[in-house]
Structure formats: structure tokens, C-alpha cells
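Work through these short exercises with the coordinates open. Each task is followed by a stepwise solution.

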Amino acid sequence: MDSGGFVTARDRQDESECSKRQKCSQGEEDRISNLPDFIIGHILTFLRFKDAIRTSVLSQRWIYMWTYITKLGLHDGVYQINKTTFINFVCRMLLHLNASNINEFHLILEEKYDPYIIGQLISLVSNKKIKVISLRSINECSISCYPIFKCQSLEKLELAMGHSIIQFPSFVCLSSLTALYLVAIRNPMKITCYSSNQSKELTLKFPVLRDYISCDCIWLDVKRVTIDAPLLEKVIIDRQWDYSSNVSHAEIEIRASYVTNYLYRSYVSSETTLLDAAHVAEASIYLSDDSKVNMSGQELKIFVRKLFNINNLKGLILQV
């Protein structure tokens with residue numbers, strides 16, 4: 001606006017803003033781009049993986065910034081590509097990551113894949129000092145968990161599989177694991193040991209485990225499972241499927257003296273669960289088998305004593 005030749009405060013403000021824009025267009029310092037690689041990688045972690053990769057077109061500096069992300073979430077249903085292309089994409093992505101460690105890896109599979117290929121993916125992830133692994137497969141996805149159980153940095157493990165067979169090594173010790181979730185999708189998930197394990201016994205040692213959840217999981221061809229978790233606080237065992245065709249005779253012993261929250265919902269089966277319940281503050285037991293109707297009060301007490309591995313039920317909440 002014409003002000004009779006005088007420079008007004010508004011004119012100075014407009015001139016200042018114009019100067020700033022010119023400096024930016026001439027390559028003024030980009031503060032974000034000058035951040036350390038690992039910080040940029042952390043920022044990109046908050047984006048969807050597809051969007052993080054797209055930042056590679058911003059400038060030459062950003063071409064490989066996506067390789068420093070520390071949290072991966074992949075779902076084969078999101079990418080409009082075939083199975084082979086998706087697996088190749090995931091493998092290349094894992095091999096090109098520059099981050100010395102990955103905090104979280106979440107993989108959701110809707111298609112059925114070769115167990116060997118999935119095993120290779122798990123091996124690649126486990127070598128990245130991973131802290132959280134979540135594997136979800138709607139279709140059958142039988143895998144070996146040996147690579148996972150070698151990862152001492154692992155803090156949380158979730159295996160959610162449909163109609164799958166998961167192989168456990170005879171001895172597992174994860175020093176950092178605080179949460180273990182074994183969840184079946186649509187059909188029971190079967191957990192077994194390697195054929196070379198003649199004793200058919202599994203020992204799982206988790207020194208700092210706090211949460212253990214098992215939903216519709218069958219310990220198949222396993223005689224005994226020992227879960228040694230001295231700091232365990234929460235236990236949920238939930239079985240709603242009819243196991244008549246896959247009867248488990250396993251004895252499951254949970255060595256945890258400080259469990260405070262316990263939920264057991266299952267059919268009355270030949271599988272035995274033993275828990276030291278000396279410090280249980282709240283326990284709920286739901287027997288969904290029709291045979292409970294024919295059980296007397298004394299038989300129920302015997303069943304619960306066996307379930308908790310204790311003789312005194314005083315103070316526990318029993319719901320059947």
C-alpha cells in the first residue's frame with residue numbers, strides 16, 4: 001500500500017518474511033536434516049512404514065534415512081503385491097536396515113507361506129537385538145521358534161497363529177522377557193518339541209517374566225512343561241475349543257510364588273496345570289466342560305487343589 005514514500009511497520013514485516021522465504025529457497029540450513037541419523041530414524045518410527053520409505057524422495061540426504069527406523073510394522077494385506085514379492089521386499093528391507101538394533105517388529109500375515117521362509121525372516125529379525133516380536137497369521141503358519149529363543153534382548157513375545165504347529169526347543173532361557181502371549185486364531189495352536197527331544201519335556205526359564213497368557217494352545221506330544229518364572233504376577237489360561245481330537249496329557253508346572261492375578265477357563269481335561277498359589281490375591285476358575293455338572297463339591301475341591309498345587313483354598317475366589 002502506498003504510504004506517501006514512508007516505510008511502515010507492516011512493510012518491514014512483509015520484507016522480512018520475503019527475505020526469509022528467499023533464504024529458504026536458496027538453501028538455508030535445514031535443521032531437521034542436520035540431526036543425527038539415529039534421531040531422524042526415531043522420528044520416522046512414528047510414521048507408517050510405507051510413509052517412512054517415501055521420505056527418501058525429499059533430498060539426497062534422505063534417500064537412506066528410512067533404514068534407521070527402529071520399529072517395523074508389516075501387513076501383507078496392505079501391500080497390493082503377491083506373496084513372493086512381499087517376502088522379497090521384507091527380506092531386502094531387513095538386510096538394508098542400518099539400525100544396530102530394532103525395538104519392535106510386528107508382522108501380520110493373511111496368506112499361507114512356506115514355514116522355511118518365515119523362519120528365515122525370524123532369524124533376520126532376531127539378529128537385530130530385537131525387544132518386541134509380534135507374529136500374527138490367520139492361516140496355517142508352522143514355524144520353529146529356535147531363532148527367537150536365542151535372542152536375549154527380547155522383552156515381549158506374542159505368537160498369534162491359526163491352525164499352526166509351533167516347535168519349541170527342549171530348554172529355553174530368556175533373561176529379559178517380561179511378557180509371553182501364546183494365542184490361537186480361529187483354530188487351536190499346537191505347541192510341540194523337536195523330534196530329537198526323546199524325553200518330550202520342555203523347560204522354559206524366564207527370570208523377569210511378569211505376564212503369561214495362553215489362549216487355546218495345545219501342548220502336543222509333550223509330557224511335561226516347566227515354566228520357571230519367579231517374578232510372574234499374571235497368569236491367564238483360556239481354552240474354549242473342543243480338544244477331543246487333540247488331547248493333551250501334558251503336566252504343566254508354573255514355578256511362580258508371587259502370582260497375584262490368575263484366570264483359568266477351560267474344559268476339564270487330562271492336561272494338568274500346577275501353580276504355587278501361596279500369594280494369589282484374585283483367582284477365577286471357569287469350567288466349561290459339561291462334566292462339571294456331575295462333579296460333587298468335593299471333586300471340585302480336589303480338582304482345584306491339583307490346579308493350584310495347594311491344600312488351603314482359603315481366600316481364593318472360585319467361580320465355576
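**Exercise 1: A ring with two partners**

Lys83 sits over the face of Tyr113, 5.6 Å from the ring centre. The model is a predicted one.

Task: Classify the ring pair of Phe86 and Tyr113, and place both residues in the fold.

Solution.
1. Three aromatic pairs are counted.
2. In the pair of Phe86 and Tyr113, the ring centres are 6.5 Å apart and the planes meet at 45 degrees, so the pair is tilted.
3. Phe86 belongs to helix H4 (residues 83-96), and Tyr113 to the loop between S2 and helix H5 (115-126), so the contact ties together parts 27 residues apart in sequence.
4. Phe86 has 1% relative accessibility, so it counts as buried. Tyr113, at 8%, counts as buried too.

**Exercise 2: A pair between strands**

Task: Do the same for Phe168 and Trp219.

Solution.
1. The ring centres of Phe168 and Trp219 lie 6.0 Å apart, with planes at 85 degrees, so the pair is edge-to-face.
2. Phe168 is in strand S6 (residues 165-168) and Trp219 in strand S12 (residues 217-219), so the pair links parts 51 residues apart in sequence.
3. Relative accessibility is 1% for Phe168, so this residue is buried. Trp219 is at 2% and therefore buried.
4. Phe149, Phe168 and Trp219 make up one aromatic cluster.

**Exercise 3: Two faces of a strand**

Task: Sort the residues of S1 by face, then find the residue opposite Leu72.

Solution.
1. Strand S1 spans residues 71-75. Leu72 and Leu74 form its covered face.
2. Lys71, Gly73 and His75 form the uncovered face.
3. S1 runs parallel to strand S2 (residues 104-109), joined by five bridges.
4. Within S2, Phe105 stands opposite Leu72.

How values were computed
Residues numbered from 1 in each chain as written. Predicted model: local features only at pLDDT ≥ 70, side-chain atom pairs only at ≥ 80, totals over all residues. Heavy atoms only, no water. Buried < 20%, exposed > 50% of the residue type's maximum accessible area, 1.4 Å probe, protein only. Helix = DSSP H or I, 4+ residues; strand = E, 2+ residues; numbered from the N terminus. Pairing = 2+ DSSP bridges. Phe/Tyr/Trp six-rings, centres within 6.5 Å; stacked < 30°, edge-to-face > 60°. Lys NZ or Arg CZ within 6 Å of the ring centre and 35° of its normal.
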